[in-house]
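Colleague: I am new to reading structures, and I would like to learn how to do it. Could you go through one with me?

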Amino acid sequence: MQASESDVLNIGRVLNDSARPLKERFRALFTLRNIGGAVAINQIHACFKDESVLLKHELAYCLGQMQDPLAISILSSILENLSQEPMVRHEAGEALGAIGEYNVIPLLEKYSNDSVPEVAETCELALCRLRWLESNSNREDSRKNPYSTVDPAPSAEITDVDALKEILLDQSKSLFDRYRAMFSLRNLGTAESILALTKGLETGSALFKHEVAFVLGQLQEEASVPALRASLENTNENEMVRHECAEALGSIATPECYEILNKYLNDSKRVVRESCIIALDMCEYENSAEFQYANTLAKLPCTV
C-alpha cells in the first residue's frame with residue numbers, strides 16, 4: 001500500500017486519539033500495518049501509552065506481522081517492562097519471534113523463565129520458531145499457509161487428522177509440537193480437522209487455548225461456534241482466551257454470533273468487553289461488501 005507521510009501521520013492521529021471509538025482506532029492500526037515503514041511503526045509505538053490492554057496487545061501483534069526489524073527495539077522494551085500487562089508482554093514476545101531475527105534469541109531465552117506463564121510459554125515458542133528457521137535453510141514455505149499471517153510455529157508434515165489431533169491434545173508433548181499440529185489442522189480446513197481443533201479449547205494452558213480460538217477465527221466456520229461460545233460464556237476462563245473467542249465469533253459473523261457478542265458488551269472484564277466491540281465491527285465488515293477488514297487506505301477517511 002502506497003501512502004504519503006502526511007497520510008500516515010493522519011492515520012496515526014486516529015490511532016492515538018483515545019477519544020475516538022475503539023473500532024475506528026483498530027481500523028487505523030490495521031491500515032498502518034498494511035502500509036508499513038518507519039513512520040507507521042513510530043505511530044504504532046506512540047500508542048503503547050494507551051490504557052486499553054486489548055489495543056496494546058494488538059499493537060504488538062501488528063508490529064510482529066509487519067516483520068520489520070525496526071520494531072525489535074520497541075517490542076524488546078515492551079517485553080522487558082514488567083509493569084506492562086501479561087497479555088501485552090506475551091504478544092511482544094510472539095512478535096519478536098515473528099520478525100525472525102536471530103539477535104533476539106538471548107532476550108527470549110531470558111524471558112522464557114518469566115514468572116508469568118503466558119509470557120514464559122510465548123518466549124519458549126518464539127525461541128523454538130527461530131531455532132527451527134535457523135536449522136531449515138529453506139525457511140517456511142508460505143504456500144502451505146493459506147492465510148496471510150506469520151504463525152508462531154510452522155505446520156507439521158503430518159496430514160492425518162487423527163494423528164494431528166492426538167498431538168494437539170497431548171499435554172506431554174512440547175507446546176511447539178502441539179502448535180505445529182494446530183496449524184496443520186487449520187491448513188487442512190476440513191470438517192473433521194475443525195472439530196478436532198475445537199477440542200483444544202477444553203484442555204491446556206491459557207496461551208494454548210487462546211491460539212486455538214485465533215485459528216478457529218481464521219477458519220470462519222460455523223461448526224466451531226458452540227465451542228467458542230462455551231469458552232466465552234465461561235467467566236472462570238482466562239480473559240485472554242475469552243477475548244480471542246469473542247474475536248473469532250466476530251470473524252464467523254453469523255446471526256448467532258451477533259447475539260452472543262451483544263450479551264458480553266457489559267462483561268466484568270474490560271478486555272472481553274472491548275473484544276466484543278471489535279468483534280461486532282468485524283461482523284459488520286464480514287457481512288458487507290468490504291473484502292478485507294480495514295484493508296484499504298482509500299476507504300479509511302470515510303470510516304474514521
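Modeller: Gladly! Let us begin with one pair of side chains: those of histidine 90 and glutamate 91 make a polar contact at 3.2 Å. A polar contact is a pair of N or O atoms within 3.5 Å; within protein, one must be able to donate a hydrogen and the other to accept it, and residues adjacent in sequence count only if both atoms are side-chain atoms. Please keep in mind that this is a predicted model, where local features need pLDDT of at least 70 and side-chain atom pairs count only at pLDDT 80 or more, while totals for chains, interfaces and linings use all residues. Residues are numbered from 1 along each chain as its sequence is written, and side-chain values use heavy atoms, with hydrogens and water left out.

Colleague: Where do histidine 90 and glutamate 91 lie?

Modeller: Helices (H or I, at least four residues) and strands (E, at least two) are DSSP runs, numbered from the N terminus. Histidine 90 belongs to helix 6, and so does glutamate 91.

Colleague: How do I read the span of helix 6, and why does it agree with what is expected?

Modeller: The expected span is 1.5 Å times one less than the number of residues. Helix 6 covers residues 86–99, and because its 14 residues should span 20 Å at 1.5 Å a residue, the 20 Å between its end C-alpha atoms agrees. After helix 6 comes glycine 100, with a positive phi near 85 degrees.

Colleague: Is helix 6 largely enclosed or left open by the rest of the structure?

Modeller: For this you need the cut-offs: buried means under 20% relative accessible area, exposed over 50%, and partly exposed in between (1.4 Å probe, protein chains only). In helix 6, 13 of the 14 residues are buried, so the rest of the structure largely encloses it. Histidine 90 has a relative accessible area of 1%, so it counts as buried. Glutamate 91 is buried too, at 3%.

Colleague: Which residues does histidine 90 contact beyond its sequence neighbours?

Modeller: Contact means heavy atoms within 4.5 Å. Leaving aside neighbours within four places in sequence, histidine 90 is in contact with Glu118, Val119, Thr122, Leu207, His210 and Met240. With residues up to four places away again not counted, glutamate 91 touches His57, Ala60 and Tyr61.

Colleague: What does UniProt place at His57, Glu58, His90 and Glu91?

Modeller: An unreviewed UniProt entry gives these four the feature "binding site". They are spread over 35 residues of sequence yet cluster in space, with a largest C-alpha distance of 11.0 Å. UniProt positions are given in the numbering used here, feature names are shortened, and annotations may be inferred rather than shown by experiment. The unreviewed entry also places a "binding site" at His210, Glu211, His243 and Glu244. These too cluster in space despite a spread of 35 residues, and their largest C-alpha distance is 11.0 Å.

Colleague: Could you show me glutamate 211 and histidine 243?

Modeller: Of course. Glutamate 211 sits in helix 12, residues 206–219, and is buried at 2% relative accessible area. Apart from neighbours within four places in sequence, its contacts are Glu94, Pro152, Tyr179, Met182 and Phe183. Histidine 243 sits in helix 14, residues 239–252, and is buried at 0% relative accessibility. Outside the residues up to four places away, histidine 243 touches Leu54, His57, Met87, Val271, Val272 and Ser275.

Colleague: How is the chain divided into domains?

Modeller: Domain bounds come from an automatic or database domain assignment. Here they give domain 1 (1–139) and domain 2 (158–292). Their centres, taken over C-alpha atoms, are 21 Å apart. Across the two, 21 residues of domain 1 are in contact with 22 residues of domain 2.

Colleague: What area is buried between domain 1 and domain 2?

Modeller: Buried area is the accessible area (1.4 Å probe) that two parts lose on being put together, summed over both. Between domain 1 and domain 2 it is about 1800 Å², with carbon and sulfur atoms giving 64%.

Colleague: Is histidine 45 buried or partly exposed?

Modeller: Histidine 45 is partly exposed, at 37% relative accessibility. You will find histidine 45 in helix 3, residues 38–46.
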